[in-house]
Amino acid sequence: MKDNQLIQQFSEIRTRIIQAQNQAYASINQELILLYWDVGKYVFEKLESAEWGEKTVLQLAEYLQKQIPGIKGFSKRGLYRMRQFYETYKDFLIVTPLVTQISWTHNLIIFSRCKEPSEREFYIRLCNQKDSTVVDYAMSRHISPTLIADYSTKLPDRRLLQDKWKSILKSRE
């Protein structure tokens, strides 16, 4: 076998490994988002019914830290973010399934910076459709969704450009 043929075969295995890793990351992310949703709902309902107060949320955070040493994200602040996450999206049936498909960080950015439901939905969908770098840039500079939508429709997908670039480089070898 020639070296080029071996490299191509090895590359196929590498691609399969990376795809499996990405699928695993996506599954883990989805489970975490669902967990944050459930915890947020629980805290929301306890606070709304006045069964719990602010001190109880702090006690829950301390309890979780003691029971699960090293756990991250379940501080008092984190629990309130989960509550806010649930409260923000609980009435938007269209958006609710979409939030599990993007990272917790992007969810935090979107629901904390976007005040209008339509704007939140736009950015969530954009995260699902395009490279999240576009969303990060737009959110950090408060760029209008209209400009981003225009940008998104005029540029080809990032992966398509990367694949094209790789094919050009291979053809020069």
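What follows is a chat between a visitor and a guide about a predicted model.

Visitor: Let's start with the rings. What makes Phe-85 and Trp-104 an edge-to-face pair?

Guide: Two values settle that. The centres are 5.0 Å apart, and rings pair if their centres lie within 6.5 Å. The planes meet at 85°, and over 60 degrees counts as edge-to-face, so the label fits.

Visitor: Which parts of the chain does that pair link?

Guide: Phe-85 sits in helix H3, residues 76–89, while Trp-104 belongs to helix H4, residues 104–113. They are 19 residues apart, so the pair links distant parts of the chain.

Visitor: And why is the pair of Phe-85 and Phe-111 called tilted?

Guide: Here the centres are 5.9 Å apart and the planes stand at 40°. Stacked needs under 30 degrees and edge-to-face over 60, so tilted is what remains. Phe-111 lies in helix H4, so this pair ties H3 to a part 26 residues away in sequence.

Visitor: How do you know whether those three residues are buried or exposed?

Guide: Buried means under 20% relative accessible area. Phe-85 has 0%, Phe-111 has 4% and Trp-104 has 17%, so each counts as buried.

Visitor: How many aromatic pairs does the structure hold?

Guide: There are 12. Ring pairs also link a cluster that includes Tyr-36, Trp-37, Phe-44 and Phe-74, along with Phe-85, Trp-104 and Phe-111.

Visitor: Back to H3. How do you know that its length agrees with what a helix should span?

Guide: H3 has 14 residues, and at 1.5 Å a residue they should span 20 Å. The end C-alpha atoms are 20 Å apart, so the two agree.

Visitor: Which residues of H3 are buried, and what covers them?

Guide: The buried ones are Gly-78, Leu-79, Met-82, Phe-85, Tyr-86, Thr-88 and Tyr-89. Their cover includes H1, H2, H4 and H5.

Visitor: On to charges. What makes Glu-51 and Lys-46 a salt bridge?

Guide: Their closest N and O atoms are 3.1 Å apart. The cut-off is 4 Å, so the pair qualifies. Glu-51 is exposed at 53% relative accessible area, whereas Lys-46 is buried at 16%.

Visitor: How many salt bridges are there by this rule?

Guide: Five. Another one joins Arg-83 and Glu-87, at 3.2 Å from N to O.

Visitor: Why are Arg-83 and Glu-87 about one helical turn apart?

Guide: Because they are four residues apart in helix H3. Glu-87 has a relative accessible area of 34%, which makes it partly exposed.

Visitor: What is the story for Glu-121 and Arg-125?

Guide: Their side chains meet in a salt bridge at 2.9 Å, N to O. They are four residues apart in helix H5, so about one helical turn separates them. Glu-121 has 22% relative accessible area and Arg-125 has 32%. Partly exposed covers what is neither under 20% nor over 50%, so the term fits both.

Visitor: Last one: which residues form the nonpolar patch on the surface?

Guide: Tyr-25, Ile-28, Leu-32 and Leu-35, with about 390 Å² of accessible area together. Leu-32 lies in helix H1, residues 3–48.

Visitor: What makes Leu-32 partly exposed?

Guide: Its relative accessible area is 35%. Patch members need over 30%, so Leu-32 clears that bar.

Definitions and conventions
Residues numbered from 1 in each chain as written. Predicted model: local features only at pLDDT ≥ 70, side-chain atom pairs only at ≥ 80, totals over all residues. Heavy atoms only, no water. Phe/Tyr/Trp six-rings, centres within 6.5 Å; stacked < 30°, edge-to-face > 60°. Helix = DSSP H or I, 4+ residues; strand = E, 2+ residues; numbered from the N terminus. Buried < 20%, exposed > 50% of the residue type's maximum accessible area, 1.4 Å probe, protein only. Patch = residues over 30% accessible without salt bridge, like charges linked within 9 Å, V, L, I, M, F, W, Y side chains within 5 Å. Areas by Shrake-Rupley, 256 points an atom, 1.4 Å probe, with all protein chains shown as cover. Expected span 1.5 Å × (residues − 1). Contact = heavy atoms within 4.5 Å.
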